[in-house]
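The exercises below ask you to read a structure step by step, from one residue outwards. Try each task yourself before you turn to its solution.

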Amino acid sequence: MRAALPRRALAAGLLALVAGCGVRPSDVIAVGQPPKGTVALTTTIILYLVKDGRLSAVTRPSARPLFRTERLALLAAGPIEKERALGLSTEVPPEADPFLVTVKARDRMVLTPSAPGGDLSPLAVQQIVCTAAALPDSPARIAVAGARTSVDPRDCPA
């Protein structure tokens, strides 16, 4: 008999809690069909192209984030039609791709193009360095190496 009293008190308390919450039942509310189609998630990538002999930052949409090597390959491929119409070009030759990226330490990275580093113009080297540095996790100093020579680590000019 004693065990029944706490159960009744618990049941009465739960009933009072449910009844006293202020939420009243309602009918289903129709709002139409759910959206259809795919969601196109895009990210923005930054490349450094050349305009009038100077570096120019260009943004391109991408369906996914690109690895450094993929971004550098875009430099070697050159500007897209819309960018060419704006007078943009690249100094990075097509034979520079593929690139090898080696992180030497937390603050230093070496980029090795397929074309020897000594065969690249100073502007091409700056394009490569700045494009590689455009990622948030890039080391502070980036060097471009090649078969015959290497370019000392450098920063991307502001």
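**Exercise 1.** In which element is threonine 131 found, and is threonine 131 buried or exposed?

*Solution.* Begin with the position in the chain: in this predicted model, threonine 131 is found in helix H4. Next, turn to accessibility, where the relative accessible area of threonine 131 is 1%. Since a residue counts as buried when this value is under 20%, threonine 131 is buried.

**Exercise 2.** Which residues does threonine 131 contact, leaving aside its neighbours within four places in sequence, and how far apart in space are threonine 131 and leucine 47?

*Solution.* Once those neighbours within four places are set aside, threonine 131 is in contact with Ile46, Leu47, Tyr48, Arg71, Leu72 and Leu75. Now take one of these partners, leucine 47: in sequence threonine 131 and leucine 47 are 84 residues apart, and yet from C-alpha to C-alpha the separation in space is 5.1 Å. As a last step, consider the chain as a whole, in which residues 24 or more positions apart account for 56% of the contacts with a separation of 6 or more.

**Exercise 3.** How many of the 12 residues of H4 are buried, and what span should H4 have at 1.5 Å a residue?

*Solution.* List the buried residues of H4, which are Ala124, Val125, Gln126, Gln127, Ile128, Val129, Cys130, Thr131 and Ala132. This makes 9 of the 12 residues, so H4 is largely enclosed by the rest of the structure. For the span, the 12 residues at 1.5 Å each should cover 16 Å, because the expected span uses one less than the number of residues. The end C-alpha atoms of H4 are 16 Å apart, which agrees with that expectation.

**Exercise 4.** At what angle do H2 and H4 pack, and which residues make the contact?

*Solution.* The two helices pack at an angle of about 145°, with their axes 10 Å apart, and H2 passes H4 in a right-handed crossing. From H2 the contact is made by Arg68, Arg71, Leu72 and Leu75, while H4 contributes Gln127, Ile128, Thr131 and Ala132. Sorted by character, the residues of this contact divide into 4 nonpolar, 2 polar and 2 charged.

**Exercise 5.** Which residues touch the most other members of the largest nonpolar core, and which element gives the most to this core?

*Solution.* The largest nonpolar core has 21 residues, of which Leu75, Val92, Leu111 and Ile128 touch the most other members. Strand E1 (43-51), helix H2 (68-77), strand E4 (108-112), helix H4 (122-133) and strand E5 (141-145) each supply at least two residues, and H4 gives the most, with 5 residues. Looking at leucine 75 in particular, its contacts beyond four places in sequence are Leu47, Tyr48, Leu49, Thr90, Val92, Gln127, Ile128 and Thr131. As a general background, nonpolar side chains in soluble globular proteins tend to be buried together.

**Exercise 6.** What is the phi of aspartate 52, and which residues does a cis peptide bond join?

*Solution.* Aspartate 52 lies in the loop between E1 and strand E2 (54-62), and its phi is near 55°, a positive value in a residue other than glycine. Aspartate 52 counts as exposed, because its relative accessibility is 70% and the cut-off is over 50%. The cis peptide bond joins aspartate 97 and proline 98, with omega at about 10°, and proline 98 is found in the loop between helix H3 (81-85) and strand E3 (100-105). For comparison, most residues other than glycine have a negative phi, and most peptide bonds are trans.

Definitions and conventions
Residues numbered from 1 in each chain as written. Predicted model: local features only at pLDDT ≥ 70, side-chain atom pairs only at ≥ 80, totals over all residues. Heavy atoms only, no water. Core = buried A, V, L, I, M, F, W, Y, C linked by side-chain atoms within 4.5 Å. Buried < 20%, exposed > 50% of the residue type's maximum accessible area, 1.4 Å probe, protein only. Helix = DSSP H or I, 4+ residues; strand = E, 2+ residues; numbered from the N terminus. Contact = heavy atoms within 4.5 Å. Axes fitted to C-alpha atoms, helices over the stretch in contact; angles between N-to-C directions. Left-handed = near helix turned anticlockwise from the far one by under 90°. Nonpolar A, V, L, I, M, F, W, Y, C, P; charged D, E, K, R; others polar.
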